[in-house]
Amino acid sequence: IFPIFLFISVTLFSSYFALHHVDPHHDGILLKPALDVAQGKIAFKETFNQYGALTVFLQAFLLKVFGFSLVYLRLSAAVTYGIIAVLLFSLWKHFLPRTAAGAGVIFWILSAYFLSRLTTIPFLPWSSVYALATQIGAILALFLWKDKKKSVFLFLSGVLVAATFWFRQPVGILLFPTVFFLISLDAFLSRAHNLIRTLACYCSGTIVFSLPFLLYFIDVGALSSWWHQSILLAFDFGNRLSNRYSFLPTFRAFFPSFLHVKENTLWFLLPISVIAATLWLSIRYITKKVFTEKEEKIFFLCAVCGVSWAQYFPVSDTSHWFWAASPMIGILFFMTNIFSKKITSALHVKKYSLYLSASIILLIFLPTLRDDIHGIKYISSLHYTRLESPSILRGMYVEKPEQELYDGVTSRMSLYFSLYPQKTYINMTPDALYSAID
């Protein structure tokens, strides 16, 4: 019952923010290629798309089924957040008490970037949202394989790793070798002799899911375009933003400054907790020569969190921190509990361990939660108008100045096409949304 409650409550909570405000730049980056594909154009070949093929195909499908409006992409992301809430709870309860896992999910959604007063980025149906769901699903399938010893979960993990890549390639491209390593490590720790068969099962899931995409792009002559837009462009983008991957910009991206912005404390400490957990588990294995089932699962999750941490780079902001660090919250809860037990044990007050742990968690989350609660009050206090035009934004709620902007754009575009029905236009702005208005 509780997972159902989590799904419904998180979906409804996210949906409110999904329907408010429009970002013509970021929304346009996703909406324009999805519209083109939904209208019959070939992804990457006949429309530009810098993110994963599965993202544009899924969003094109949603537009084709429900209608050509941004609303349906936004709501799909809200539903995905509901799914992620259930997946996080299912994942964390493998090594946390159910109460702590549930609390972790509540803290997670209340830390969402789209609630903050400090960000100008609204709720987005970004590729990272879908990739986060499949990434968590992949490690959860690995946990289930460990518990049930059934190869179907290993195959499923391979499928979900591949889906993560096709949703958002920078995450998936690192996730595949990481899970490959973890399966090999498990074989070493358990002294298993069927490593080749186990890896083949995992790889077959990845291949079975990926092959149709590659064959399709070869068939329509879009493989080279996909490679340049989805792979090479990502490296070029990182190169430009980090000044050719210079140390200082890269370091600042992975370790956000929190000295002057207290709200960044959480996003700095989450990766630190993963590093601490990895070191603690490594030392325990060196001294004891064995991992418990729980410790091995936490080590597996730490490795996947390390991959997810890569999303802090090259764009280091609250949205990317949120998508990257979501799975790390369970690790932070676990390490805080370990730390509290050791401190209270040393002081001979073990009965206060839970209180200390809860206090530390609240202290870490407090700056972010305080900002987000103020953000919720601010966003909900604004006066909104429902958009009816342009049609691609019908159903979205915006403030009066935004409505006047989009009404003006729609009127001018309608006048232009009435005067020049055979002509098209070039969008010279950085906002792809305006290219989707017809």
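A surface patch here consists of residues with over 30% relative accessible area and no salt bridge, nonpolar side chains being joined within 5 Å. In this predicted model, Ile207, Leu211, Leu215, Ile218 and Leu223 make up a nonpolar patch of this kind, and their accessible area comes to about 450 Å² together. The element that gives the most to the patch is helix α9, spanning residues 195-219, with four residues. Leu211 is one of the patch residues and is located in helix α9. Its relative accessible area is 41%, so Leu211 is classed as partly exposed, the class that lies between buried, under 20%, and exposed, over 50%.

Confidence in the prediction was examined for the protein and by element. The mean pLDDT of the protein is 93, and 100% of the residues score at least 70. Helix α4 (residues 70-92) has the highest confidence, at 98, whereas the lowest is found in helix α11 (residues 247-254), where the mean is 88.

Aromatic contacts were assessed from ring geometry. The count of aromatic pairs is 53. One of these is formed by Phe251 and Phe255, with 4.9 Å from centre to centre and 35° between the planes, a tilted arrangement. Phe251 has a relative accessibility of 40% and therefore counts as partly exposed. Phe255, at 23%, is likewise partly exposed.

A further pair is formed by Trp267 and Phe322, whose ring centres are 6.4 Å apart; the planes meet at 85°, so this pair is edge-to-face, the class for planes over 60 degrees apart. Trp267 belongs to helix α12 (residues 265-288) and Phe322 to helix α14 (residues 318-325), so that the contact links distant parts of the chain, 55 residues apart. Trp267 is buried because its relative accessibility is 4%, and Phe322 is buried because its relative accessible area is 1%. Both residues also belong to a cluster linked by ring pairs. The other members of this cluster are Phe13, Tyr16, Phe17, Tyr81, Trp108, Tyr113, Phe114, Phe123 and Trp323.

Cis peptide bonds were found before two prolines, Pro314 and Pro390. The bond that joins Phe313 and Pro314 is cis, with omega at about 0°. Pro314 is placed in the loop between α13 (293-309) and α14. Between Ser389 and Pro390 the peptide bond is also cis, and omega is near -5°. Pro390 is part of the loop between β1 (385-386) and β2 (397-398).

Backbone torsions with positive phi were noted at two non-glycine residues, His21 and Lys149. For His21, phi is about 70°. This residue sits in the loop between α1 (2-18) and α2 (26-38). With a relative accessible area of 16%, His21 is buried, the limit for that class being under 20%. For Lys149, phi is about 60°. Lys149 is situated in the loop between α6 (127-148) and α7 (151-167). Its relative accessible area is 59%, so Lys149 is exposed, whereas His21 is buried.

How values were computed:
Residues numbered from 1 in each chain as written. Predicted model: local features only at pLDDT ≥ 70, side-chain atom pairs only at ≥ 80, totals over all residues. Heavy atoms only, no water. Patch = residues over 30% accessible without salt bridge, like charges linked within 9 Å, V, L, I, M, F, W, Y side chains within 5 Å. Areas by Shrake-Rupley, 256 points an atom, 1.4 Å probe, with all protein chains shown as cover. Salt bridge = Lys/Arg side-chain N within 4 Å of Asp/Glu carboxyl O. Helix = DSSP H or I, 4+ residues; strand = E, 2+ residues; numbered from the N terminus. Buried < 20%, exposed > 50% of the residue type's maximum accessible area, 1.4 Å probe, protein only. Phe/Tyr/Trp six-rings, centres within 6.5 Å; stacked < 30°, edge-to-face > 60°. pLDDT = per-residue confidence, 0-100.
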